[in-house]
Amino acid sequence: MYDEADLRKIRESKDAWEHDTLEPTLDAHGERHDRFATVSNHEVDRLYTPLDVADIDYDDDLGFPGEEPYTRGVYPTMYRGRTWTMRQFAGFGTAEETNERFHYLTDEGQTGLSTAFDMPTLMGLDSDDPMADGEVGKEGVAVDTLADMEILFDGIDLREVSTSFTINPSAPVVYAMYIALADQQGVARDEVRGTLQNDMFKEFIAQKEWVIPPEPSLKLVTDVIEYASEETPNFKPVSVSGYHIREAGSTAVQELAFTLADGFAYVEDCLHRGLDIDDFAPQLSFFFNSHNDIFEEVAKFRAARRIYARLMDEWYGAAHPQSKQLKFHTQTAGQSLTAQQPLNNVVRVTIQALAGVLGGTQSLHTNSFDEALALPSEEAVRVALRTQQIIAEESGAADIVDPLGGSFAVEALTDDIEDQAMAYLEHIKEELGDGSVRDGVLEGIEQGYFQREIQDSAYEYQERVERDEEVVVGVNAYTVAEDPEPELLRVDESVQQRQLDRLERVKAERDDSAVETDLDALAERIENGENVVPAIVDAVKDYATMGEIMAVFESAYGSYTETAGAV
């Protein structure tokens, strides 16, 4: 972007500055550290100038918002048109309690719902399963049958709301329940809006929640994508999730590279099935973490859009502009929150949320300050939501499209992250997958490649904290002798019994012969290799339980144990 003569003058001026101005200051005062690095341990320079971005081609590398390569944003006006969707994660206890929290959040100005499920539901177990004892409603809402979904969305018009579901092994069942609920409400399926996480590769790589092995899990993901492209075109059937990869301890580059690899693997599986890329790709969505290092995070988001646009074109032949637009949800970094001095987390979350906004996110969840201690209290949830509203309405960050675009530091970091992420992607595709990202991801899971990369990064970070090379305020620096615990949300122990009573009533009142017929039809579709979603929709409408449906898959495909090389 710069004339060579201008660059030469800048180089000469920089050399003079270093000799005449910088060196005397360093000799007299030094600097705080010998080395400065991001949270991901990527070393950053003292100063960035046009010399660091001299190779950038404006049209090819940056362009304009709403146009390829989308580095500067997927929409021409971004938040000047409308702000990001404020989607606070909520769920605890029974469907009644979570429904009350949903209404509270929407009354406070939230613009999208985001549903947290309890561990039994996440793992495809019913609340009366012995493995569920003690866990019902504890870390999210318990959903056993369509009856729970009916209560969960009582008083909520599915035409008017976009709902996100953070669930993976049993995601097809929850998706089917939402469709069944829309049918009950008389909402046309093409009016149903929301996002299903449904990212099973991320589970095997980082979060470790699964029911059946990787390959049949991939088939289920693709079944949902195929069905959604035909039946619910405004609902996103998968949210390819780097969030949990980062929470497990990855660097920003690993989060980006492994997330894109998972996304491209799903693309390849859909293409293998015979789907047209421009029919399903516009419905794909992504989900990233936003950590403390504001410039690294902004650069990560910008690099993500650029890589995705280019590779969807070059590798997969996408033609429609929407097929090449990486749209993503952001959540602030849960693993950065501290139990010590929890109010400090308000500041951390604000910085992380601002990074998401400056990086061009489409929706945002801000963590509550007490989440290192318990499920968020009502007060903490309100502060978290107000954080987004203040950024949107008072900070000015929403008034300029890509306000950090053109920053020498941010553009240089964007290039660095892109180069490092591409090295990972090429390794996964060519070395692990012999030309296929899909096969590379499956092989990487089996070998434990992803797991080891993340574990090594997490270990190195923790070592830096313990050596005081990384400062965590309130933990290894600026500590206090007494740290009063805030008022916390407690899930009443009666929740489990109330959920068990409802499940018993539903089972007693339903038509068991219809359920048995539905489950047999599902098993037949599995055996024939057909898309299973229509059978799941039929089953949930007859009030088949989550556990009954997932048991059919486990019977057909078996369970999965991680190989020794992956631990």
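A pocket, as the word is used here, is an open set of grid points with protein on both sides within 12 Å along at least five of seven lines, and its lining residues have an atom within 4 Å of a point. The structure treated in these exercises is a predicted model.

**Exercise 1.** Describe the second largest pocket by its space, its lining and the residues that lie nearest its centre.

*Solution.* Begin with the space, which comes to about 1,300 Å³ for the second largest pocket. Next, take the lining, which is made up of 41 residues, and note that Ala37, Val39, Asp293, Glu470 and Val471 lie nearest the centre of this pocket. Then sort the lining residues by kind, which gives 20 nonpolar, eleven polar and ten charged. Finally, turn to the helices: at least two lining residues of the second largest pocket come from each of α12, α13 (344–358), α15 and α17 (449–466).

**Exercise 2.** Find which parts of the chain are tied together by the salt bridge between glutamate 418 and arginine 310.

*Solution.* First, check the contact itself: the closest N and O atoms of glutamate 418 and arginine 310 are 2.7 Å apart, and a salt bridge needs such atoms within 4 Å. Second, place the partners, since glutamate 418 belongs to helix α15 (residues 408–432) and arginine 310 to helix α12 (residues 294–314), so that the pair ties together parts 108 residues apart in sequence. Third, compare their surroundings: glutamate 418 has a relative accessible area of 10% and is buried, whereas arginine 310, at 27% relative accessibility, counts as partly exposed. As a further step, look at salt bridges that share partners, which join Arg246, Glu255, Glu296, Glu297 and Lys300 into one network.

**Exercise 3.** Decide whether the partners of the salt bridge between glutamate 203 and lysine 202 are buried or exposed.

*Solution.* Start from the pair, whose closest N and O atoms are 2.5 Å apart. Because buried means under 20% relative accessible area, glutamate 203, at 0% relative accessibility, counts as buried, and lysine 202, with a relative accessible area of 0%, is buried as well.

**Exercise 4.** Classify arginine 35 and glutamate 43 by their accessibility, and state how many salt bridges the model contains.

*Solution.* Arginine 35 and glutamate 43 form a salt bridge in which the closest N and O atoms are 3.4 Å apart. With 39% relative accessibility, arginine 35 counts as partly exposed, and glutamate 43, whose relative accessible area is 44%, is partly exposed too. For the last step, the count of salt bridges comes to 37.

Methods:
Residues are numbered from 1 along each chain as its sequence is written. This is a predicted model: local features need pLDDT of at least 70, side-chain atom pairs count only at pLDDT 80 or more; totals for chains, interfaces and linings use all residues. Side-chain values use heavy atoms; hydrogens and water are left out. A salt bridge is a side-chain nitrogen of Lys or Arg within 4 Å of a carboxyl oxygen of Asp or Glu. Buried means under 20% relative accessible area, exposed over 50%, partly exposed in between (1.4 Å probe, protein chains only). Helices (H or I, at least four residues) and strands (E, at least two) are DSSP runs, numbered from the N terminus. On a 1 Å grid over the protein atoms alone, a cavity is a set of points where a 1.4 Å probe fits but cannot get out, and a pocket is an open set with protein on both sides within 12 Å along at least five of seven lines; lining residues have an atom within 4 Å of a point. Grid points are joined across faces, edges and corners, and a volume is the space filled by probe spheres set on the points. Ala, Val, Leu, Ile, Met, Phe, Trp, Tyr, Cys and Pro count as nonpolar, Asp, Glu, Lys and Arg as charged, and the others, Gly among them, as polar.
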